Amino acid sequence: MWHLPRALCVHAAKTSKLLGPWSRPAAFMSTLLINQPQYENEGVYNGSWGDIPAPKRGEIVRQIDDALWEKIQVLGSLVSLEMGKILVEGVGEVQEYVDICDYAVGLSRMIGGPILPSERPGHALIEQWNPVGLVGIITAFNFPVAVCGWNNAIVMICGNVCLWKGAPTTSLVSVAVTKIIAKVLEDNKLPGAICSLTCGGADTGTAMAKDERVNLLSFTGSTQVGKQMALMVQERFGRSLLELGGNSTIIAFEDADLSLVVPSALFTAVGTAGQRCTTARRLFVHESIHDEVVNRLKKAYAQIRVGNPWDPNVLYGPLHTKQAVSMFLGAVEEAKKEGSTVVYGGKVMDRPGNYVEPTIVTGLAHDASIAHTQTFAPILYVFKFKNEEEVFAWNSEVKQGLSSSIFTKDLGRIFRWLGPKGSDCGTVNVNIPTSGAEIGGAFGGEKHTGGGRESGSDAWKQYVRRSTCTINYSKDFPLAQGIKFQ
């Protein structure tokens, strides 16, 4: 049963027969996505384990949960080292994987289709859910563990196999997580390749998107790249799950509790150095409290503890790459050109590493082009507004639709915000920040955010295929809709 037919993806070879010198560029890795007998090697498990009962698959996921928990500190430290986020966030990201494993274990005993009433006597009508097959998972640098987990844990309890491509800049984390999963699988006499890993650049992702053997492709990344991936998958009538860009909003009304607004804005604008898709980039403040909120934010920003992300006392670390620093500087200059004022930060820090000052910008028009652009950096644009109608419209005028929050005590306003004329985002919050999703709720967004949902609720349905099954247990042949065919 556990045979390994022709590999879909060849792992990094242990000898130089395939790859030659290790100095080959990352782009070369896509050539390993091949289907040629002379290059046989351990790789993606191209069989099926969907005939193992779902609760038994859930037991495997429970063991993965335990294995991750045992390594949570060291794995969180590796996330912090390689990605650059502070240590507590690195550990917290592994905790997200642990939590989704807990969720998936319970779910493994709850997946089921309904038995529907048939209009034909002696007939049963049921829905059957089966594994979709091979799921490709492409994740971004900013959450190199958690996003894999959101997909992988549910992929497994649904009976699928997976091929994961992490970000090229966080490959050590990808390898470490894969080895932990593989050991659990192999300890249970299952192929570790049920959860396979490939490392490489954009062309490796392209190869996954174009390969018809990848039944579902889950992609997390920029809107620009996500659009390209979706078109390639759709061209072959594959299925895709997209988690793309965000341009999240916080709205503080005149009755808002500022003791909640200020720390919430600080956390969600500065956390992970502004490198979350849920990072608040736009803060709309009622004109009556605008100046007070800005002054409080400036004082709060001045107290941010900056330093080595491994230091448990540090709250703010570096950007991930030099390119991110350049994007930060470009966005600040563009904001100035569009008439804004930088009231805090705006510069590169004079210290080793990719450190920039967390930045507050005021005076922009609500529809300024830079404010509608997702810059993966800690820049918060603060705007004044007069009334509910205009600010609700301003929240929705951007192309992204991931996360949004309002701060108010007005019950009617809260339910208008949650309703059809309120936020158009996939994550809609009240009196909490835009970051910090729980695994119990489906996560994702609308419009240019891609429409995908991961974790929580009925997100498992994305990883299975549905069959409507009719069983005739009578001796007659009645047709639906009362049709007579004699």
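**Figure 1. The whole chain at a glance.** Of the 486 residues in the chain, 53% count as buried. Keep in mind for every panel here that this is a predicted model. The chain folds into 13 helices and 17 strands, and its C-alpha trace spans about 75 × 65 × 40 Å along the principal axes. A compact globule of 486 residues would have a radius of gyration near 23 Å, and the chain comes in at 25 Å, which agrees. Sequence-distant pairings show up a lot: among contacts between residues at least 6 apart in sequence, 73% join residues at least 24 apart. As for the outside, the accessible surface is about 21,900 Å², with 55% of it belonging to carbon and sulfur atoms. On the charge side, there are 46 positive and 46 negative side chains, and the centres of those two sets sit 4 Å apart.

**Figure 2. Helix α5, residues 146–157, under cover.** How many of the residues of α5 are buried? The count is 12 of 12, so this helix is mostly covered by the under-20% cut-off on relative accessible area. The buried set includes Trp 150, the neighbours Asn 151 and Asn 152, and Cys 148. Also among them are Val 147, Ile 154, Val 155, Met 156 and Ile 157. The length checks out too: 12 residues at 1.5 Å each should span 16 Å, and the end C-alpha atoms are 17 Å apart, which agrees. Just after α5, look for Gly 159, which takes a positive phi of about 95 degrees.

**Figure 3. Helix α9, residues 258–270, and what sits on top of it.** This helix has 13 residues and reaches 18 Å from its first C-alpha to its last, close to the 18 Å expected at 1.5 Å a residue. Which of its residues are buried? They are Leu 258, Val 261, Val 262, Ser 264, Ala 265, Thr 268, Ala 269 and Val 270. The cover over these buried residues includes the strands β8 (248–252), β9 (280–286), β12 (379–385) and β14 (403–407), along with helix α10. Just after α9 comes Thr 272, with a positive phi of about 55 degrees. Thr 272 turns up again in the next view, as a contact of Lys 85.

**Figure 4. Lys 85, a lysine tucked away in a loop.** Lys 85 lies in the loop between α3 (72–83) and α4 (87–107). Is this lysine buried or exposed? Its relative accessible area is 3%, so Lys 85 counts as buried, the cut-off being under 20%. Setting aside neighbours within four places in sequence, Lys 85 is in contact with Val 79, Ser 80, Gly 90, Glu 93, Asn 142, Phe 143, Thr 272 and Pro 309. Take Asn 142 from that list: Lys 85 and Asn 142 are 57 residues apart in sequence and 8.2 Å apart in space, C-alpha to C-alpha.

**Figure 5. Pro 309, seen from the other end of the Lys 85 contact.** Pro 309 sits in the loop between α10 (290–302) and α11 (322–337). With a relative accessible area of 10%, Pro 309 is buried. Beyond its neighbours within four places in sequence, Pro 309 is in contact with Ser 80, Gly 84, Lys 85, Ile 86, Leu 87, Pro 318 and Tyr 355. Val 61 gives a sense of scale: Pro 309 and Val 61 are 248 residues apart in sequence and 30 Å apart in space, C-alpha to C-alpha.

**Figure 6. Gly 451, a partly exposed loop glycine.** You'll find Gly 451 in the loop between β16 (446–447) and β17. At 37% relative accessible area, Gly 451 is partly exposed. Its contacts, leaving out neighbours within four places in sequence, are Leu 242, Gly 445 and Glu 446. Cys 277 is 174 residues away along the chain, and the C-alpha atoms of Gly 451 and Cys 277 are separated by 14 Å.

**Figure 7. Phe 237 and Gln 481, two non-glycine residues with positive phi.** Phe 237 has a phi near 60 degrees, a positive value in a residue other than glycine. It lies in the loop between α8 (223–235) and β7 (239–243). Phe 237 is exposed, with a relative accessible area of 72%. Gln 481 also has a positive phi, about 60 degrees, and is not a glycine either. Where is Gln 481 found? Look in the segment after β17 (464–472). Gln 481 counts as exposed at 64% relative accessibility.

Note on methods:
Residues numbered from 1 in each chain as written. Predicted model: local features only at pLDDT ≥ 70, side-chain atom pairs only at ≥ 80, totals over all residues. Heavy atoms only, no water. Helix = DSSP H or I, 4+ residues; strand = E, 2+ residues; numbered from the N terminus. Expected span 1.5 Å × (residues − 1). Buried < 20%, exposed > 50% of the residue type's maximum accessible area, 1.4 Å probe, protein only. Rg over C-alpha atoms; globule rule 2.2 N^0.38 Å. Contact = heavy atoms within 4.5 Å. Areas by Shrake-Rupley, 256 points an atom, 1.4 Å probe, with all protein chains shown as cover. Lys, Arg positive; Asp, Glu negative; His and termini not counted. Charge placed at Lys NZ, Arg CZ, Asp CG, Glu CD.
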